[in-house]
Amino acid sequence: VVGRAGEVLMEHAAAVQRVRGMMVNEEPREATESEKLVDALVAFFANAARTEAGCSAFLDKGSLLDKIVTEFTRNPSPHLFDCWQHGATVLMNVSQMERGRKVILKKSDGILGKIQPMLREGSDIRRYGVAGAIRNVCFERDFAWWLINEANVIDTICYPLCGPEGFDLDDKQGMTPEYWLEGIDKVREPDAEVRMLLVEAILLLCASGRRSREELRKRQVYPVIKVLDLSEESEEVSNKIDECVQYLMRDEEGEESDSPVEILDEDALSHGKVLKPKPGESYDDVD
């Protein structure tokens with residue numbers, strides 16, 4: 001089923017590209033039948049990837065994931081129907097499995113670097129799925145140093161958590177200027193579920209060992225989440241922030257440099273995002 005659905009997706013994805021390639025300008029218009037079908041098929045793959053068997057079948061079709069990532073990471077036009085937005089959910093659900101996380105983390109493919117900018121997109125679906133995928137890959141402790149120091153996930157995670165409040169001069173030492181340069185115009189991530197995933201990603205990086213926690217302190221992650229907590233309306237997110245604070249402020253004296261701290265249970269990965277048709281739509285076997 002996955003293989004046949006993939007063939008149909010490839011066919012209609014080409015049709016979408018042909019239509020968009022002929023457009024002189026991107027004025028608002030109704031979605032084409034091919035765009036609607038691509039949207040439904042990508043949602044189908046997202047749901048299929050919620051199970052181990054479905055995820056394995058999807059990953060076995062490597063070219064299919066490559067196509068979804070390629071199209072998903074094109075700059076989406078605000079005037080056109082975003083038929084690839086559920087690619088974010090595909091990545092989130094695929095990364096429930098270790099195999100899926102390793103695919104996203106494969107340096108030669110660069111998937112992680114391609115999806116990180118999508119966390120700043122206007123689509124709630126895109127931001128939620130990408131935040132979930134980033135949170136999930138943070139379960140891979142062996143990649144923690146690379147995630148922090150080469151993939152620069154700290155800035156990817158912290159930027160959306162920053163708001164218009166600003167930071168004290170001392171806190172800005174070592175902090176990425178982008179966090180505060182926008183001043184009162186800086187908009188914090190509005191979705192509490194996305195904020196939760198990002199804070200959980202910080203917790204997982206804390207859990208990867210003392211060296212990771214030391215690097216988070218150098219990058220001034222503590223002031224970011226401290227200021228976030230002052231305006232956080234979600235009790236669940238605030239509780240997770242408190243856990244972050246306790247681990248970042250702990251006394252590390254006498255501990256082994258790479259001693260892991262258990263913070264999140266990997267069972268948290270078992271609840272993949274389910275996509276359902278909107279009122280008036282029919283995805284048939286999507287759900």
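Helices here are DSSP runs of H or I, at least four residues long, numbered from the N terminus. I am working from a predicted model.

**Entry 1: two loops with positive phi**

I went to Asn 152 to start with, in the loop that joins α9 (144-149) to α10 (153-161). Most residues other than glycine have a negative phi. Asn 152 is not a glycine, yet I find its phi positive, at about 55 degrees. I also looked up its exposure: the relative accessibility is 30%, so Asn 152 counts as partly exposed.

Gln 220 went on the list for a similar check. I found it in the loop between α13 (210-218) and α14 (221-231). Its phi is positive too, about 60 degrees, and Gln 220 is no glycine either. Is Gln 220 buried or exposed? With a relative accessibility of 14%, it counts as buried, because the cut-off for buried is under 20%.

**Entry 2: helix α2**

I wanted to see whether the length of α2 adds up. This helix covers residues 33-48, which is 16 residues, and at 1.5 Å a residue it should span 22 Å. I get 22 Å between its end C-alpha atoms, so the expected span and the model agree. On cover, I noted that 13 of the 16 residues in α2 are buried, which leaves the helix mostly covered.

**Entry 3: around Lys 102**

Next I turned to Lys 102, which sits in helix α6 (residues 98-105). Which residues does Lys 102 touch, leaving aside its neighbours within four places in sequence? I find contacts with Glu 140 and Phe 143. I also looked at Val 137, which is 35 residues from Lys 102 along the chain; the two C-alpha atoms are separated by 7.9 Å. For exposure, Lys 102 comes out at 34% relative accessibility and so counts as partly exposed.

**Entry 4: cysteines**

How many disulfides are there? My count comes to 0. I took Cys 158 as a case to follow up: the closest cysteine sulfur to its own belongs to Cys 162, 6.3 Å away, and that is too far for a bond. The reasoning needs the cut-off, because a disulfide calls for two cysteine sulfur atoms within 2.5 Å.

I looked up burial here as well. Cys 158 has a relative accessibility of 1%, so it counts as buried. Cys 138, at 3%, counts as buried too.

How values were computed:
Residues numbered from 1 in each chain as written. Predicted model: local features only at pLDDT ≥ 70, side-chain atom pairs only at ≥ 80, totals over all residues. Heavy atoms only, no water. Expected span 1.5 Å × (residues − 1). Buried < 20%, exposed > 50% of the residue type's maximum accessible area, 1.4 Å probe, protein only. Contact = heavy atoms within 4.5 Å.
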